[in-house]
Amino acid sequence: MSVVSVQLGQCGNQVGQELFDVLCSDAQDGQRNKYRAISCERFFHQTDRGAELEARAVLIDMEPKVINRCVSRATKCSRWSYGSSSHFSQKQGSGNNWANGFCVHGPRHRDVVEEMVRREVERCDRLSGLMALMSVAGGTGSGFGTYLTQCLRDAYPTSFIINHLTWPYSTGEVIVQNYNSVLTLARLYQLSDAIVVHENDTVHKICSQLLNIKHISFSDVNRVIAQQLGGILQPAFTTHSHGFYSRSPIDELVSSLACHPEYKLLSVSSIPQMPSSSIAFTTFSWPGLLKHLRQMLISNTKMEEGIDWQVRPPSGAGCTGSGFNRSVANLLILRGKDVYSTETSGFEEPSLYSSWLPSVEALNVWKCPVPFHKYEKSATLVSNSQALLRPLDHIVAKAWNMFASRAYIHQYIRYGISEEDFLDGFTALEQVISSYKQLC
C-alpha cells in the first residue's frame with residue numbers, strides 16, 4: 001500500500017525532499033530485493049522512462065524558489081525525481097500570517113491543489129494514507145497546510161491522515177510563530193489521526209553534540225528529521241503482519257499509538273546517532289542501545305548525551321515521579337542484526353504507562369533484519385507521552401501573553417480570523433495540556 005505525501009511551505013518541502021532522498025538511498029543500498037520492492041511501492045512509482053523512480057508527492061508553496069530548488073536537487077541525484085505536474089506555487093507568499101494562508105490562499109487555490117492530490121492518489125493501487133509535512137511557524141505551511149488538511153479530511157473521510165510538524169526554535173524565527181502554532185495545532189487536533197512532531201531546538205542539539213557539525217544549516221537539521229522519519233516509515237515486520245513486511249505503515253502507526261482522541265502528539269527518538277566516519281569504529285549491542293533508549297524515554301531526553309539516570313518510574317501511588325515522562329503508548333522499531341532475539345521487556349513495564357491501557361496493548365514492537373542508515377543495529381522510538389507537554393505549554397503561554405496585549409491581532413483580523421477563533425484555539429490546547437498533565 002502506498003503513502004501520498006503533501007509537502008507544504010518552505011520547511012515541509014525541504015524536509016520532504018530530504019525524506020525521499022533517505023528512503024531511496026536506503027531502499028537501493030545492497031542486496032535487499034523484497035525490502036526495496038515494498039519501499040519503492042510505498043513511496044515511489046515507476047515512470048514511463050523505465051527504472052527511474054518518481055515520488056508519490058505533491059509540493060505546494062506560495063513562492064516558487066524552494067520548490068524549484070527541491071525539484072532540481074531531486075533530479076540531479078539521478079535516482080528519483082518529482083513528477084512534472086506534482087508541484088504548485090504562486091509568486092506571492094503568505095507573509096508568515098496563518099490567516100492569509102488559511103483564509104485567502106486556501107480557498108483561492110483549493111480546487112487545483114485538491115485535483116493534484118486526487119491524481120496522485122489515483123496512481124496508487126491501494127492507499128495506506130496521506131502524510132502532510134509542514135512547519136507551524138510560517139503562513140503557507142501552517143495556514144494553507146491546515147486548510148488543506150481540512151479539505152483532505154472531507155475528501156478522504158475513511159483514509160488515515162497524519163501531519164508531520166516542525167516546531168520552530170524557541171528563541172524565535174517569526175515574531176508571530178506562537179500565534180500560528182496555536183491556530184495550527186488547535187485545528188489539526190480535530191482533523192488529523194496523529195501528529196508527529198520534531199522540535200528544531202532538539203534536532204539542532206543532535207547536529208551539534210552528537211554529529212559534531214560545526215556550522216549547522218537547515219539542510220543538516222532537515223536531514224536528521226528525514227532520517228528519523230525514514231526509520232519509522234521503511235518496511236518492517238509489525239505485530240500483525242504475520243511474518244510479512246507490513247503493507248500499511250500509516251494505518252499501523254496510528255493504530256499503535258493514537259488510541260484515544262485526546263492524545264495525538266507523537267515524539268521521536270533514535271539511537272545511535274553519530275557521524276558516519278565514526279560508525280566503522282563503533283560496536284553496538286542491543287542491551288546497551290535499549291537501556292539508553294528506555295532511559296531517554298522515561299527522562300524525556302531526545303539524545304544519548306545528557307541522559308538523567310536518576311529519573312525512575314514512580315513505585316507507589318501517584319501520577320508522576322520527579323522528572324518522569326508518562327506514556328500513553330509507545331512504538332519501538334528495531335532494525336539490523338539479531339533483532340529477533342532482542343529482549344524488549346524493559347519497555348513493557350506497566351509503570352511506564354497510563355493505568356487505563358494495559359501495557360501489553362500500549363507497547364508495539366516492529367522489527368526488520370535489514371540495517372538502516374549504515375548502522376549495524378539501530379532503534380527508533382515513537383512515543384505518545386508527556387514529552388511534548390512542556391514545549392506546548394510554553395507556546396500557548398507566549399501566545400496568550402501576546403494576545404492579552406492585543407499584539408499583531410489586527411494582522412489576522414484583516415484576513416478573516418476573529419478574536420473568538422483565537423480563544424477557541426487556546427481553549428482546545430488547554431484541554432490537550434490538561435489531558436497530558438493528568439496522565440496516571
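In this predicted model, Pro 272 sits in the loop that links β10 (265-271) to α10 (276-279). The peptide bond leading into this proline, from Ile 271 to Pro 272, is cis, and its omega comes out near -5°. Ile 271 is thus named twice over here, since β10 covers 265-271 and the cis bond runs from Ile 271 to Pro 272.

Backbone torsions also pick out a few residues with positive phi. Take Asn 300, which is found in the loop between α11 (286-298) and β11 (327-336). Its phi is near 55°, a positive value in a residue other than glycine. With a relative accessibility of 32%, Asn 300 counts as partly exposed, because that class takes in what lies between the buried limit of 20% and the exposed limit of 50%. On the other side of β11 comes Asp 338, placed in the loop between β11 and α12 (359-362). Here phi is near 65°, again positive and again in a residue that is not glycine. Asp 338 has 41% relative accessibility, so this residue is put down as partly exposed too. A further case is Asn 212, which comes just after α7 and takes a positive phi of about 55°.

That brings in helix α7 itself, which spans residues 200-210. Its buried residues are Asn 200, Thr 202, Val 203, Ile 206, Cys 207 and Leu 210. As for what sits over them, the cover includes two strands, β8 (160-167) and β9 (194-199), along with the helix α8 (218-233).

Back towards the start of the numbering, there is a little sheet-and-helix arrangement to look at. Three strands make up an open sheet in the order β2-β3-β5, and the pairing is mixed. At the edges are β2 (44-46) and β5 (80-81), each of which pairs on one side only. Strand β3, residues 53-55, runs parallel to its partner β5, and the two are joined over 2 bridges. Within this pair, Leu 53 stands opposite Trp 80 of β5. Helix α2 (residues 33-43) packs on the sheet, where it touches β2 and β3. The direction of α2 makes about 100° with that of β2.

Terms used
Residues are numbered from 1 along each chain as its sequence is written. This is a predicted model: local features need pLDDT of at least 70, side-chain atom pairs count only at pLDDT 80 or more; totals for chains, interfaces and linings use all residues. Side-chain values use heavy atoms; hydrogens and water are left out. Two strands pair if DSSP finds at least two bridges between them. Helices (H or I, at least four residues) and strands (E, at least two) are DSSP runs, numbered from the N terminus. Contact means heavy atoms within 4.5 Å. Axes are lines fitted to C-alpha atoms, for helices over the stretch in contact, and angles run from 0 to 180 degrees between N-to-C directions. Buried means under 20% relative accessible area, exposed over 50%, partly exposed in between (1.4 Å probe, protein chains only).
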